[in-house]
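Dear colleague,

I am passing on the structure we spoke about, and below it I have set out what turned up when I went through it. Please look at it alongside the notes that follow.

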Amino acid sequence: MSKYVGAGKKLLEFLIPKPKVNKTKLDKANSNLNIAIQKNKASKAKLGQTIFEMENPKFKGKDFTFSKTNKKTESNKEAYKRIQGENTKTIKSMLDKVTENKKDGGRIGRKFGGGTDLKDIPAGKKYAGLKKLPKEVRNKMKFKKNGGKI
């Protein structure tokens, strides 16, 4: 049984790695070196992109991808206020739309297909029984005998 428990522990260590904690000054220095190397790689990539955009005539007169900016970044409070304002505006427009008496799309005002022009009853023996039906039944079938619209 202990053999299986040990295998399970190894599997868990493989699947769920433990966080690396620097225990010595050397580990801390190594970690800082690795971070500096990654930052250097990123800055090289940015520089390469900027040089490419400067030399390529397609990008002449356009802003660089990684151009510097003096704009202030939005704080969490400012973002919250902006989003709250947008949400309030959206909800207000939805409420205004609900409260006004404007009807949108669909079959508005037509119940059971009513409100449309009715067709004349065709001539001939085949439609003789249609003429004898009550007016309401003919109207539902969209045929008229007297008048046009329902």
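Glu 86 and Arg 82 are joined through their side chains in a salt bridge, with 3.4 Å from N to O, in what is a predicted model. Both residues belong to helix α3, which covers residues 76–99, and they are 4 residues apart, or about one turn of the helix. Glu 86 has a relative accessible area of 42%, which lies between the limits of 20% and 50% and therefore makes this residue partly exposed. Arg 82, at 38% relative accessibility, likewise counts as partly exposed. The pair does not stand alone, since a network of salt bridges links Glu 74, Arg 82 and Glu 86.

A second pair in helix α3 is made up of Asp 96 and Lys 92, which are again 4 residues apart, about one turn of the helix. Their side chains meet in a salt bridge at 3.3 Å, N to O, and Asp 96 is partly exposed, with a relative accessible area of 39%.

Lys 72 and Glu 78 form a further salt bridge, in which the closest N and O atoms are 3.0 Å apart. Here the lysine, Lys 72, counts as exposed because its relative accessibility of 69% is over 50%, whereas Glu 78 is partly exposed at 35%. The count of salt bridges comes to 4.

Turning from charged to nonpolar side chains, you will find a surface patch formed by Leu 11, Leu 12, Phe 14, Leu 15 and Ile 16, which together have about 590 Å² of accessible area. One of these residues, Phe 14, is found in helix α1, which spans residues 2–15, and Phe 14 is exposed, with a relative accessible area of 69%.

As for the protein as a whole, it contains 5 helices and 2 strands, and from the N terminus on these elements follow the order α-α-α-β-α-α-β. Of its 150 residues, 8% are buried, and the accessible surface comes to about 14400 Å², with 59% of that area belonging to carbon and sulfur atoms. Where contacts between residues at least 6 apart in sequence are considered, 28% of them join residues at least 24 apart.

With best wishes

Terms used:
Residues are numbered from 1 along each chain as its sequence is written. This is a predicted model: local features need pLDDT of at least 70, side-chain atom pairs count only at pLDDT 80 or more; totals for chains, interfaces and linings use all residues. Side-chain values use heavy atoms; hydrogens and water are left out. Patches are made of residues with over 30% relative accessible area and no salt bridge: like charges are joined within 9 Å, nonpolar side chains (Val, Leu, Ile, Met, Phe, Trp, Tyr) within 5 Å. Accessible areas come from the Shrake-Rupley method with a 1.4 Å probe; for residues, only the protein chains shown count as cover. Buried means under 20% relative accessible area, exposed over 50%, partly exposed in between (1.4 Å probe, protein chains only). Contact means heavy atoms within 4.5 Å.
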